[in-house]
Each structure stands twice: as structure tokens, then as C-alpha cells.
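Let's take a walk through this structure together, starting from a single residue and working outwards. Keep the sequence and the 3D view side by side as you read.

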Amino acid sequence: IASRLAGFGTTIFTEMSALAEQTGAINLGQGFPDEDGPRAVLEAAHAAIRDGHNQYAPLPGVPALREAIAEHQQRFYGIELDPATQVQVTMGATEAIAAAILALAEPGDDVLAFDPSYDSYSAAAKMTGANFVPIPLNPPDFTFDELKATPNARILLVNSPHNPTGRVFTREELQRIADFVIEHDLIAITDEVYEHLVFDGLEHIPLSTLPGMAERTLSISSLGKTFSVTGWKVGWATGPAPLVAAVRTAKQFLTFAGATPFQHAGAAALRLPTHFYTDFAAELQAKRDHLCDALSQFTVARPQGTYFANVDVGADATEFARELPHRAGVVAIPTAVFSTDRERLKPYLRFAFCKRLSVIDEAAARLHALE
Ligand code: PMP
Ligand code: GLN
């Protein structure tokens, strides 16, 4: 195996989902919903298959989806995009992230990202030959200190709402990020896959909408979280035409194109009325509250967005997580696995609450029965 891939191993998601299967534990580890997305969206995929949309999509993505993505950005954020040059469809956000880093970073460049972070960021940086430079988010509230650039800094990755912490960055925090990106002439890559999973009346603010940021931000999102179809792997990158063209150049040799019928269904999904989006967030907020209330034996901060709540178990959470399926029949993921600094996040355990209330109840009952 090439040295670029040293230490990759298998992802925590594979490991923990396998452990859940083996032990029959309730899987609150890997973040995926246990109910499928809206009927109309599923039907649209069936219809697309029946209607013969089963061959390669055009490299940029099917036109109907690119138009729907542009409309979505306009409807929710007032962002104007040309669907021909400013939208690239990808195989999930994951491919968009990898293609973007491959396309925009030179070997030896520094890719900065808030830490803990989604595990594909550092892997994509390393596969590019770039360095991954973590910027700590500090518990218990997961805020960041003064931002400092490294000499080879080229890209700043910003994920809000943030996996695994559940943070939604405030406008003030985003302004500090924007000032930093502009001062050091960086490119911002935003991972906004949880853009609609925001609670308590808070607002998701795309970094690209801050003054001076549209021309230096590549924005990434996908269908999986918003429409409960994580297996469809339809994502996109939007932004300035040169940045989108760079992603397209890399993407054409990664997968070229894919998931044609799901791209068609994605167009239908993104055009759902606004109340679908707000209702779904409210439903998920109720699940969050259900889980957080049930975990009262631990210290738990209510997350502002995403699928995830982090609890302080008051011990080494990695050991705790390893024993938990056997002791209690529940799987969760130690937050530290998303970090380069495992000590800082040692007592935190990440629970996914994107599950039916009955499943959350059962998991809570098992956790309460713990000695
Ligand atoms: N970014 C973050 C922060 C995520 O949590 C996920 C979910 N797995 C992804 C990207 C991947 O998105 P997709 O499934 O669209 O590739
Ligand atoms: N994003 C999901 C999580 O953080 C899972 C992604 C994956 O399985 N790669 O749990």
C-alpha cells in the first residue's frame, strides 16, 4: 500500500457498524436515519428508472438537478448561480470534498480544518500530498481561539453545522473565518451537508454569503441528510466558475458520472415546499431532545444542529465505547476518533439521534440499566 495511505485503516463507521451487527446492539454510531425519506422523493427515483434514465449522466450532472440546486441556493440564501458553469454534481459530498482538495491544493500545501472533523478531510488532504492542519474546537462549547495561518496555508475547510460536535457557527464566528480567509488569501471549502438540520430557531449561514467570500468559497452539500437518503450519494459543489471547473476536472477521472436516476429524484427533492424542510428539522429536534433528556445520567450539551449529540461520560470514552455494546447493547462513537488530539476530547462520546423515537427510548432504557 502506498505511503500516502499510511494509517488509514478502516473507518470508524465500518468498525462500529460491524460491532453493532455482531452484538445485535442498537446502532447510534454511524449517522444514518432508520426511516426512508419522503414518499414523493422515493417515487421520483422509481419513475426515473422506469422512464429510462439509466445511462451515464452528463459530466456536470443532469440539467434538471443543476437547475434545482441553483433554485435551492436562491430560495434559501439569495445566492445566484449559473447552473451551467457554477454547479457540479458529484457522488455525494465525499467525492466533492476529495475532488476539490485534489483540484485546488498542491502537494506540500496546508489544508486547514476545524478539529475534530469528518474523517474524509484529512484522508483527502493526504491523498493529495498536502498537509492536514487542525484548528482546535475546544470543549465543552466547541468554540475556536484566534485563527493562525501556516506559511503554506492554501485551503480552509469549514463544516457548519459541524460533525461531530453539532455546532452551528454564529455570524460572528463566520465573520472571523471570512476575515482570516481574505487576509491570508485562502480558498474556503464549505461542507454544508447538515444545512437544513438546524434547531432552536437558529439559522444556517453559508460562508459564501459574507462580504468578499463568494469569489473564494467553494460550497458543498448533498441530498443524503436533508432527504434521509444517505445511500443515494448525490452531492454537489457550487461557487465561482473557475473553482467549479477545477472540481469538474478532477471529478471526471474519479467517477466521471453516476446515480443518474437519483439525480433526477434529487431535482424533485430540492423543489419540495419550504415547510418540508422546516418540518423535518422540527422532527429531528424532537429526537434530539428525546435523546438528550434520556441521557441525563451524563453531562450532555444540546447540539444546535446535525444528527449528533456529544456526552461527557466522565471516563475514557474510547474504552467506554468499546465495552458499551457488550454491557448495554448500544453502539456510539468516541468523539476523539475525529481528532488529531485525542486527549482533548477523551471523555466525549457521540450518539446519533436520527432514529425512531422508539429506538431512542430503547437505547436510553439500556443505558439507564448500566451499572
Ligand atoms: N460531510 C460530513 C460532515 C458528513 O457528516 C458526511 C456524512 N457522512 C459527509 C460529508 C458525507 O456526505 P455524502 O454522504 O453526501 O458523501
Ligand atoms: N457521516 C456519517 C457519520 O459521521 C457517516 C459517514 C460514513 O459512514 N462514512 O456518522
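Let's begin with Asp-145: is this residue buried or exposed? In this predicted model, Asp-145 has 9 other C-beta atoms within 10 Å. A residue counts as exposed if that number is 12 or fewer, so Asp-145 is exposed. As for its place in the chain, Asp-145 sits in the loop that links strand S4 (131-136) with strand S5 (153-159). You can also trace a path back from this loop to Ile-135: the two residues are 10 positions apart in sequence, and their C-alpha atoms are 8.6 Å apart in space.

Now zoom out to the whole chain. Its secondary structure consists of 11 helices and 13 strands. The radius of gyration is 20 Å, close to the 21 Å that the globule rule gives for 371 residues, so the chain is as compact as a globular protein of that length. If you would like the dimensions, the C-alpha trace spans about 60 × 55 × 45 Å along its principal axes. Of the 371 residues, 50% are buried. How much of the contact map comes from residues 24 or more positions apart? Among contacts with a separation of 6 or more, such pairs account for 73%.

With the overall picture in place, turn to one of the sheets. Strands of a sheet pair through backbone hydrogen bonds, and they can do so in parallel or antiparallel fashion. Here, four strands form an open sheet in the order S9-S10-S13-S12, and their pairing is antiparallel. Strand S9 (299-301) and strand S12 (333-334) are the edges, each pairing on one side only. Look at the S12 edge: two bridges connect S12 to strand S13 (residues 348-352), and the two strands run antiparallel. To find one of these bridges on your screen, pick Pro-334, whose partner in S13 is Leu-349.

Next comes a helix. Helix H1 covers residues 12-23, which makes 12 residues. From first C-alpha to last it reaches 16 Å, close to the 16 Å expected at 1.5 Å a residue. Just after H1 comes Gly-24, which has a positive phi near 70 degrees.

Finally, which residues are around ligand 2? They are Thr-11, Phe-13, Gln-30, Gly-31 and Asn-163. Sorted by class, this shell holds one nonpolar and four polar residues, with no charged ones. Phe-13, the nonpolar member, also falls within the range of H1, residues 12-23.

Terms used
Residues are numbered from 1 along each chain as its sequence is written. Chains are lettered from A and ligands numbered from 1 in the order in which they are written. This is a predicted model: local features need pLDDT of at least 70, side-chain atom pairs count only at pLDDT 80 or more; totals for chains, interfaces and linings use all residues. A residue is near a molecule or strand if its C-beta atom, placed from the backbone, lies within 6 Å of it. The expected span of a helix is 1.5 Å times one less than its number of residues. The radius of gyration is taken over C-alpha atoms; the globule rule is 2.2 Å times the number of residues to the power 0.38. A residue is buried if 20 or more other C-beta atoms lie within 10 Å of its own, exposed if 12 or fewer, and partly exposed in between; C-beta atoms are placed from the backbone. Two residues are in contact if their C-beta atoms, placed from the backbone, lie within 7 Å. Two strands pair if DSSP finds at least two bridges between them.
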